[in-house]
Structures are given as C-alpha cells and as structure tokens.
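Student: Could you take one part of this model and look at it closely with me, starting from a single residue and working outwards? I would like the terms explained as they come up.

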Amino acid sequence: MVNFGKKLMADQIPEWKGALFGVIFFTPMPLVTKLDHCLFYVNVFRYYINYKLMKKKVNQYGQQLQQGEKDRRRVLKDFSKMLDDQIEKIVLFLLEQQGMLASRIENLGKQRAILQEQPDISGIAELREAYREVGLDLIKLLKFVDLNATGIRKILKKFDKRFGYRFADYYVTSRSNHPYSQLQQVFKHVGVGAVVGALSRNLAELQERQGSYLSIYDQPSSALKDPIIDMINSSVDKLTRSTNFLRFLGQHALIVNEESPSTAEEEEIEDQKYHFMSLMLNLVNTFLYMVNTYIIVPTADDYSVSLGAASTVCGVVIGSMAVAQIFSSVYFSAWSNKSYFRPLIFSSIVLFLGNVCYAMAYDMKSLTVLIIGRLLCGLGSARAVNRRYISDCVPARIRMQASAGFVSASALGMACGPALAGLLQWKFKIYMVTFNQSTLPGWVMAVAWLLYLVWLFISFKEPNRATEVNDATQNPASGKFKNLMVDIGQLENGLAQPLLADSENKQNGDEDDEIDDSEEASEDSRKAATSIGSAYRLLTPSVKVQLLIYFMLKYAMEILLSESSVITNHYFSWNTSAVAIFLAILGLTVLPINAVVGTYISNMFEDRQLLMASQITLLVGIIFSFKVTSTYSVVQYVASALITFVSAEVLEGVNLSLLSSVMSSRLSRGTYNGGLLSTEAGTLARVVADCTITAAGYLGVGKLLNVTLLPSLVICAASIACTFLTYNSLF
C-alpha cells in the first residue's frame, strides 16, 4: 500500500502546486534566497493540503505534550487554526477554478448559439471537442478536491489516534455545522454540480440527435454516450460518496475496493485470475447456504416436539449452525489464502453430511443427531471463501457488481428457504426412511449440495496464485514510464502520477519514512492483521461502535425469525405454510428496500444520518412488538415485524458502508479482515439470540415474546447512545 504522503505528492497536478516561481526568480534577491523561497512555496503556498507539514506538526504536538511545553487546549487551538488555513486555501482555489470553468462554458455557449443559426459540421465537431476539454479539466478539479478531502480525513484520523477522540470531534462538530463552513465546501463541493449540469446538457445537445426538440430533461433515463460525462459522473460519485442501488447493495458484502488506480499490467493479471463460471459457483454456494440456514425455521419447533423436546428448543437447533460458523469462518478465511477450490469441496461434502444427519434424526429419534447435523452445516459455511474470492479474483471494474450479486444471492436464499419449506408438506416412507415436512428440508438440501459438488468438480477453475507474486515483482521502471502517459482511461480513475525530481524525492524521503504511530508509517505497520489480537488493536472507537450496531441488528433479526413459528402458533395458531409465507415475504422485502435506499434516500442524506434514523426506527419496531395487553393481534405482530426487519436491513447496508470507511486499511485484506470481523460479530449475535430463545422457553411460551425482546431493546438503546457519542467521527 502506497504511503498517502507520497501518493499526494505524486498525484498533484504540476500547474496547481504553486504559481509563484516566475515571480520569485525575476525578483532581485540572492540566488540562495531565491532557492529557499522556492522550497518554501513548494511546501506552503501550493494549493494542495500540506499533509507532510501537518503530520510533522502532529508529532511535534505529541512531544510538546509529553514534555509539558503545551497543554491540550493550546494544541487543539493551534491544530484547528492550521487546518482552517489549509482548508481555506483549498476552497478559494476551488471557487476560482469553478469560475474559470463556468466562464469557458459560457463562452462556448455563445459559439453554440451562432452554430445553431448557421450550422457547420466541422464547427460542431470542434465545439464538441472544446466542451470535452472543459470536461477533462473538470475531472482534474474533482480529482484535486478528492485528494484534498482524503488528506483532511486522514490527518483528522491521525490526530484523533494520537491524542484521543475529543479533539477531532470538536473540530468536525464546530466546522461542519457552521453556516459558513469551508469544510462542507470541500466535502460537498458546492457549485461543481452546476458546472457538471451545464456541461452535461451542452454535450447532450451535441450528440447524434442534434437539432431534435428532445433534451436530457425530457429523457432523464437515457444514458449519454459521451465517455467524458460517464467519467465526470464517476468522479462526482466517488467524491461525494453518493451511490446507486448496485453500489449500496454491494456494500453489504464489505468487500473493500482499493482507491489506487490499477495499471494496465495489474488489470491484465486480474483478468487472468477471473473466471466467470467460478464466480457463479461462488454465488450459488452463497445462495444454497442461505437456503440451508432458513429452510428449517418454519418447522424446527415441530421437529423438536416430535423428538420429545420443547418447542422452544428450536432456538438451539437453529443456533447450532451459527455456533459452528464462528469457528468455520476463521479456518475458511485462512484456507482461502492458499486455495479456493479445496475449501469449497470440503464445504459441500460437510453440508451434504450435515443435512443427511438432520433428516435421519427423525427415524433415529435422536435430538443429538439433529443438532450434530446442524453443527456440521455450520462447519461447512464457506461465506468467508465466497467473499474472499470476489475480493481477490474478480477484476476491480466488475467487483461492485459481483459484491451486489453476493448480497442478492444471500437475500434470495433467505426468502427461498422458508418458501421452499412451505411447499414441502408431503408425508411418505421409502423402506424405513420417513419423508415429511420436518425431514424433507434436510433431504432436499442434501441432494442440492450433491449436485453442486458435481458441478464444482466439473466447472471450477482454481486461480493462478503465481500471478499475485508476479504482480509484486514487476519492474518499477516500466510503471513510471507508463505513468507519464495521461489519457482518457487514466483520467477516469485520477491523473497519472508524474515523475518526481530526484532532489524532491530525496528532500521528502526522510519524512515519508519516518516511523510514528500511524498505520502508514512503516512496512510492518502496513501489513494485514495476523491474529485476532492484532485485528482488535486496530479497532478504533468508531469501528467498535459499528461492530456493536452490527451485533445488535443481527440479534434483533434472529430473535424475530427464529421464534416466529413458536410465537405465531401460540398466539394465532398459524400452520407451517402460513409461517413460511410470512418469512418469505420478509425476505423478499430486502431487495426492494435496498433499491429505494440505494437509489434515492442515500443520495439525500448522509450515511451517519441514515444510521441514526434506522436505529431509532428499529427501536420503535422492537417496542411495538411487546405484548402489553391481554390480547395480541396479527396486525400488531406483522406490522412490528416489518418495521423491525426492514429497518434492520437498511441499517445493515449503511452500517457496513460506514464500517468500510472508518476501519483501518490493514483490515481490508488478509485472514483477519473486516469482513471476517463483521461475520463473527453477526454470527455471535445469532448464537446469543437463539440461546436466549431456548433459555426463555423455560419460563413458558406465554412469556417468550417479551423476555426475548427485552435484550433487543437494551442492546438497541445502547447502540444508539454509542452512535450519538461517536457521531461526529463517522465521516
């Protein structure tokens, strides 16, 4: 991973570093003084944030605090003033460039008006190229803002890590909410939207349909063909973190895309590792596993009763799979460092055996065999492999689509599982083997995993691990040469890195290699976490709160789903088919709700606002679920369940989106990655929830609902309080 200080220097546009060198050299003064002034202006008066200076100041503040030269209040004041000056410099330059772009578009508009009266094909082509040049300059400006915004986020996080949360919290709170906020100017790029709109409209009117009465406002859904507009929209989306349904859905998978642009060689290596059918097999594995998880939910209580246990033992039966998954997630994640094919084979075999045990438990009249079957199913959970395959073997250009496919497969599996259970209502015997609504889910899934195993043997292609080694040993000289070639493809991901003078590299080398407590300082500190302990040490307060929220929402969802058959049978006398339909409807709400949130709501509000709102809505759903009167109606149960489930789904997407933003980059790769941590948190929540259901069953089915909802209420209230305390650090 490239040090951000070096990346900032390499990605700067030369003409925007500073424009005072000519003035300095034509001013009468000694040559040595001129050189000193030039170096000073390179480091101080360029338009970019002086990240290296601020890093140095943060380290100096730490030493001054330790030596007692300054108190914390003075450090906060000095740091705030310095960052204010840096942001003001960025904002003023941004406004200046916006004005220049607007002026150029206005002048081009006059030329366009003339061409409309006197059409000229060559003139129209030249005008279109002129608009495209403005578009390229606009992309440069967006890249400039993005680079500076990243620098501000990083220096605030560095300051926060060195001195504690309250300093950065004070700065963000006081600056971002002020009516004259320059911080918001950088992060929201006020005014750029108008330039983008004007440029898009004019380029659209110069398309092949020129002369038509239609415009982009008449056909807002029609895609512009000019690649410059696509590049601008991509840059705006990246800068504002705005999203669409596909991106919002993909964020559920917590598969982090690297911000650094890929070279042509890296893209070629990614293409060599990518195999479409192998990706499809990974997604099918995800789908089948989720079906396997939820297909027993409508019938687990009846199965437990038929084996001589209480209906609430269904909590243990359902939760056994999650217990085993806590351990399987770790060894599957480690196994995927070496292979993807072998762990998937192992997963399929274990799941086949687990489902056979689950189905055979009925004729063996053994609750122990039933639970062993579910434990085996949990030991076969290869979701860590599925997620890792997408992260490592799918090219960056389609990784978001693959991530969205991963989440969609999970959601569809969650809906299809109960629906399939509702259809399996037959009862018959073949020899001594009983097939009924309790055992058929096990037999159906066993056959499904057997067929999947055959397909896996035939079609899966193990990616070539050697390409990863070759990627790390590429000749750096060729990369530098290619970085000089600035073309449209490179501008789409940001400007190419210009070659730096040897003297500048030497000047900055000492500070870049300086070892401090930042995660970017040394080679060792940039490595992926190698143990649960090292991963835990990388968790900041913000990340811990996000994991708590993830635990809370998974706990609330598991309570709702796992006890649904017991609750609905006790209060409403629902049969298995009715429960299956109810759970299937809940599962089917996942994609439409995410479509609405990802397409519209997430572009209207900040992620942290959605995070707080969805938690409050979830709390309302939990409170509304309590039985407080002598009667408990179907309307109350169904409405409260929908509120709880939908708000939890919205919360999951927003939570994982924020988690990928606030967690250390060292948790985006390796065995102990952010995806594994979130999976462990969610799985642990499911285990605790299912154990709570069984434990509460000893108090009687009549008290089951309120007793199991009480922990959900407490944990949800605690997560809201923690979110409030860390709210201003969630950016």
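Tutor: Let us start with Lys365, which has a relative accessible area of 67% and therefore counts as exposed; in this scheme buried means under 20% relative accessible area, exposed means over 50%, and partly exposed lies in between, with a 1.4 Å probe and protein chains only. Keep in mind that this is a predicted model, in which local features need pLDDT of at least 70 and side-chain atom pairs count only at pLDDT 80 or more, while totals for chains, interfaces and linings use all residues. Residues are numbered from 1 along each chain as its sequence is written, and side-chain values use heavy atoms, with hydrogens and water left out.

Lys365 sits in the loop between helix 16 and helix 17 (367-379), where helices (H or I, at least four residues) and strands (E, at least two) are DSSP runs numbered from the N terminus. Most residues other than glycine have a negative phi, yet Lys365, which is not a glycine, has a positive phi of about 50 degrees. Tyr431 also has a positive phi, of about 60 degrees, without being a glycine. Tyr431 belongs to the loop between strand 1 (428-430) and strand 2 (433-435), and with 79% relative accessibility it counts as exposed.

From these loops we can turn to the aromatic rings. Rings of Phe, Tyr and Trp (its six-membered ring) pair if their centres lie within 6.5 Å, and planes under 30 degrees apart count as stacked, over 60 as edge-to-face and the rest as tilted. By that rule the whole structure holds 24 aromatic pairs. In one of them, Phe93 and Phe144 have ring centres 5.0 Å apart and planes at 65 degrees, so this pair is edge-to-face. Phe93 lies in helix 5 (residues 72-117) and Phe144 in helix 6 (residues 121-163), so that the pair joins distant parts of the chain, 51 residues apart, and both residues are buried. A tilted pair is formed by Tyr303 and Tyr362, with 6.1 Å from centre to centre and 50 degrees between the planes. This pair, too, links distant parts of the chain, since Tyr303 is in helix 14 (residues 300-306) and Tyr362 is in helix 16 (residues 341-364), 59 residues away. Tyr303 is buried, at 0% relative accessibility, whereas Tyr362 is partly exposed, at 21%.

The helices that carry Phe93 and Phe144 also pack together: helix 5 and helix 6 meet at an angle of about 170 degrees, with their axes 10 Å apart. Here axes are lines fitted to C-alpha atoms, for helices over the stretch in contact, and angles run from 0 to 180 degrees between N-to-C directions. Helix 5 and helix 6 are therefore roughly antiparallel, given that angles under 35 degrees count as roughly parallel, over 145 as roughly antiparallel, 65 to 115 as roughly perpendicular and the rest as oblique.

A cluster of rings leads us further along the chain, because ring pairs link Tyr571, Phe572, Trp574, Phe582, Tyr632 and Tyr637. One of these residues, Phe582, also takes part in a helix contact. The axes of helix 27 (residues 564-572) and helix 28 (residues 576-588) come within 10 Å and cross at roughly 130 degrees, and the two helices are therefore oblique to each other. Their contact is made by Ser564, Ser565 and Thr568 of helix 27 and by Val579, Phe582 and Leu583 of helix 28, where contact means heavy atoms within 4.5 Å.

Tyr571 offers another path outwards. Leaving aside neighbours within four places in sequence, Gly702 is in contact with His570 and Tyr571. The C-alpha atoms of Gly702 and His570 are separated by 7.8 Å, although the two residues are 132 residues apart along the chain. Gly702 is placed in helix 33 (residues 701-725) and is partly exposed, with a relative accessible area of 46%. Helix 33 in turn packs with helix 26 (residues 541-562) at an angle of about 155 degrees, the axes being 9 Å apart, and these two helices are therefore roughly antiparallel.
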